[in-house]
Amino acid sequence: MAWTSFTLDEESPNQFEELPCPRCGEFLVIHAPDPSTPERMLGVCAECHSWYLLHCSECKMMRLPDAPGALARKPGRKGSGSPPR
Ligand SMILES: [Zn+2]
């Protein structure tokens, strides 16, 4: 996982709404899931469905692993292996 730097247009009131996806160039849809940490946001690309963790105070972003692929590789649990105590 590598952090990628990005730049924000300080003069734009909607600077985070003009952040392009590093993969395809489409503008990201920005979410702020945790109000207590406003510098950490989530950018979702509607075009290539990449998710990015944005660290806004440092202007860095990191692409998150693709959830469907990660889940597909997960070994399935069938039945009850060892019963919980
Ligand atoms: Zn994209």
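Two strands are taken to pair if DSSP finds at least two bridges between them; strands (E, at least two residues) and helices (H or I, at least four) are DSSP runs, numbered from the N terminus. The model is predicted, with local features requiring pLDDT of at least 70 and side-chain atom pairs counting only at pLDDT 80 or more, whereas totals for chains, interfaces and linings use all residues. Residues are numbered from 1 along each chain as its sequence is written.

β3 and β4 pair in the antiparallel sense over five bridges, and R40 has H55 of β4 as its bridge partner. Five residues separate the strands of this hairpin, in which H49 takes a positive phi near 60°. β4 also pairs in the antiparallel sense with β5 (residues 60-63), over four bridges; here the bridge partner of L53 is M62. The hairpin of β4 and β5 has four residues between the strands, and C59 takes a positive phi near 55°.

Side chains alternate along β4: Y52 and L54 are buried on one face, while W51, L53 and H55 point to the other and are not buried. A residue is buried if 20 or more other C-beta atoms, placed from the backbone, lie within 10 Å of its own, exposed if 12 or fewer, and partly exposed in between.

The largest nonpolar core (buried Ala, Val, Leu, Ile, Met, Phe, Trp, Tyr and Cys residues joined through C-beta atoms within 7 Å) comprises eight residues: L19, C21, L28, M41, C45, Y52, L54 and M61. At least two of these come from each of β3 (40-45) and β4 (51-55). C21 lies in the loop between β1 (4-5) and β2 (28-31), and counts as buried because it has 21 C-beta neighbours inside 10 Å.
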